[in-house]
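User: I would like to learn how to read cysteines and sheets in a model. Can you take me through them?

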Number of protein chains: 2
Amino acid sequence: MTVTLADVAHRAQVSPATVSRVLNGNYPVAAATRERVLRAVKDLDYVVNGPASALAASTSSLVGILVNDIADPFFGIMASAAQAQISGAEGTPGAIGGEKLAVVCNTGGSPERELTYLTLLQRQRAAAVILTGGAIEDPDHSAAVAAKLARLAEAGTRIVLCGRPPLPPSAGSPVTATLSFDNRAGARRLTGHLLALGHTRIGYVAGPAERTTTRHRLEGHRAALAAAGVADDPARTLHGAFDRASGIAAATRLLDAEPGLTAVVAANDTIALGVCTAARARGLRVPEDLSVAGFDDLPSATDTVPALTTVRLPLIEAGARAGLLAVTRETSHGPDGVETVPAELVVRGSTGAIRGA
Amino acid sequence: MTVTLADVAHRAQVSPATVSRVLNGNYPVAAATRERVLRAVKDLDYVVNGPASALAASTSSLVGILVNDIADPFFGIMASAAQAQISGAEGTPGAIGGEKLAVVCNTGGSPERELTYLTLLQRQRAAAVILTGGAIEDPDHSAAVAAKLARLAEAGTRIVLCGRPPLPPSAGSPVTATLSFDNRAGARRLTGHLLALGHTRIGYVAGPAERTTTRHRLEGHRAALAAAGVADDPARTLHGAFDRASGIAAATRLLDAEPGLTAVVAANDTIALGVCTAARARGLRVPEDLSVAGFDDLPSATDTVPALTTVRLPLIEAGARAGLLAVTRETSHGPDGVETVPAELVVRGSTGAIRGA
DNA sequence: TAGCGCATAGAAAGCGCTTTCTAAGAGTGC
DNA sequence: GCACTCTTAGAAAGCGCTTTCTATGCGCTA
């Protein structure tokens, strides 16, 4: 049947214990012995039995990356960076254990599936779990997630939040590290930029109401308006999904209701692209007739003409850092294990001074 | 410490064997006993130890979905459909085992990472593996993949190809089922459509040269030209990546070299969107001055004005079917387990009759 | 009433690793 | 030259399940 560790041991003329030690590299083995074992491994084309290994060591080599929407580049970029980091982290100083299997789990934004995946990963005794993207703002669900994370942490699973707000810092929080995107500050700067250009009638296309990311960005937007003494007309804010169709629909409604808008801020770049499309469809030029701004600085933000003014989130860096924190003994800088990821304003062609200003 | 099956057995006043049987549902257990066990499971918040279970049963509940590019909606859509199907397939007639953990592994198009992931999934004794997207046309790599798949199949892992060409049908092929996209026929129809509109100077923006998908679509394109007796000028074909930037770059070069082109066919929709952008950037109207066509019929194909003429691939259906084949005892229709997924021409606004025709 | 089969549940032997505990040599210092 | 430490490797006991084999009790038929 399949080759087992015992077969390797036999061929290398050593005990199973020695083979295990060579493969896991956590115990001194004489160079000659090691060579012999590695040769036998290669000769027999031996592949470790993961479940057996996980059972004995009571931790597996699985790292789960939870994403809200697998088809959204925002998550794709982070997940891909995290995976690359984890795959390459084997030899990293401080690395925990050997080669990891980084896998992404798509919750589709559904609270139930988020919980299901967490349970499934718990069942697999995952080495680490990375949760990306905003959390769902439902008290019941948050509590259920927190409880699940506590169970995971108890079993030794490292937990990294990437782009999520920190969990309430209770004593003995289950979370290993949190990378918190500074959505509020970024949004504040973005709207501040538009205000500085003279805009005061600014529409806002928000994301799904129940996401923390949506709320934080909206709060930043409103804070900027308030700071500038500009009244915030609630009718100028519309909620939708984080996608292009949503941007088209919302922009259309917004401009129908108030054709005098001179700028529209979108909760992310994909929505912003939709807003641009909608604007052009009704004959408005960007930015001459309408300034449009996005958020995230996805690659697609520079695909259009003019390129999008947006807020840059270092997704690749954040994803990679999340991966690193997940599989090494490295601990987080920052108080309570929370690292704030900066959100930087990037001014491009899609925003301009208000006419006559 | 953590709750084990023995704890549950003790609480339910039954033997561990009975608990196992209740949880796996593969053996008759009296209703009353089952109830008692399920109560105990709930009371203790018991979660199966996946590795232990996998070790004893010599198969895990992991299903790996390999994708070339996690940030590409083409893969996102298929993967997401497959995941949804697998998560929901637990009770399906013919289902193999219980709840599965469907995870996606991003190879980034790298042959090494493809092999690495396959090995890692082998190590985890995955229940099934789904390989999506075109294969890499390198004899060494193909052989290595085939060998790896053989090892996986030997260990009981089901293997489903989705959007890949069938493996050479050797006796005892390791592949459980193949969903082969009919790229050639689709491409032939698409170019046929342009020829029917009177176009003869048609540019082609191909994908990466080493992918089977690229080759098949290009072959279809050329077959259509040949069938119409239109000479195929190799200079009109440019290879690039499957992304928008590639489309912009290639279209620019193509139109610089031969401004008289009246149509450009792209190897996929994302490239086509880039072609549209490049065309507009040089003042060409689509479709009046230049017809543009894509492939795949991604959601973004209808986001633009005019919407893209393209070839529809039923990605959701294919992904779901792949998921089903992966986790149920269902076998593939079609000879050698190969099912051909049709590619249907979708005519929209981005293609038009040649001027004066 | 004896005997048989069927439905249900327990006992126990692993699955293939990891890791603790133990042992055997090989150096080293006095 | 002897006791001691240090390095290296083996023996063996599980890790928590699944599953085969076995046992029990019950409802039948003859």
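Analyst: Start with a cysteine. This is a predicted model. The sulfur of A:Cys105 has its closest cysteine sulfur in B:Cys105, 9.5 Å away, which is too far for a bond. A disulfide needs the two sulfur atoms within 2.5 Å.

User: Is A:Cys105 buried or exposed?

Analyst: A:Cys105 is buried, because its relative accessibility is 0%.

User: What is the nearest cysteine sulfur to that of B:Cys162?

Analyst: That of B:Cys105, 15 Å away, and B:Cys162 is in no disulfide. B:Cys162 also counts as buried, at 1% relative accessibility. Over all chains, the count is zero disulfides.

User: Now the sheet. How do strands pair in general?

Analyst: Through backbone hydrogen bonds, either parallel or antiparallel. Here, chain B has an open sheet of four strands with parallel pairing, in the order β7-β6-β8-β9.

User: Which strands stand at the edges?

Analyst: In chain B, β7 (237-239) and β9 (291-293) do. Each has a single partner strand, so one side of each lacks a neighbour in the sheet. On average, neighbouring strands are turned by 15 degrees against each other, direction ignored.

User: How many bridges join β6 to β8 in chain B?

Analyst: Four, between residues 202-206 of β6 and residues 263-266 of β8. Within these strands, B:Val205 stands opposite B:Ala266.

User: Which strands does helix α9 of chain B lie across?

Analyst: Helix α9 (residues 212-227) lies across β6 and β7 of chain B, at about 170 degrees to β6(B). Helix α11 of chain B (residues 269-281) lies across β6, β8 and β9, running at about 160 degrees to β9(B).

Definitions and conventions: Residues numbered from 1 in each chain as written. Chains lettered and ligands numbered in written order. Predicted model: local features only at pLDDT ≥ 70, side-chain atom pairs only at ≥ 80, totals over all residues. Heavy atoms only, no water. Buried < 20%, exposed > 50% of the residue type's maximum accessible area, 1.4 Å probe, protein only. Pairing = 2+ DSSP bridges. Helix = DSSP H or I, 4+ residues; strand = E, 2+ residues; numbered from the N terminus. Axes fitted to C-alpha atoms, helices over the stretch in contact; angles between N-to-C directions. Contact = heavy atoms within 4.5 Å.
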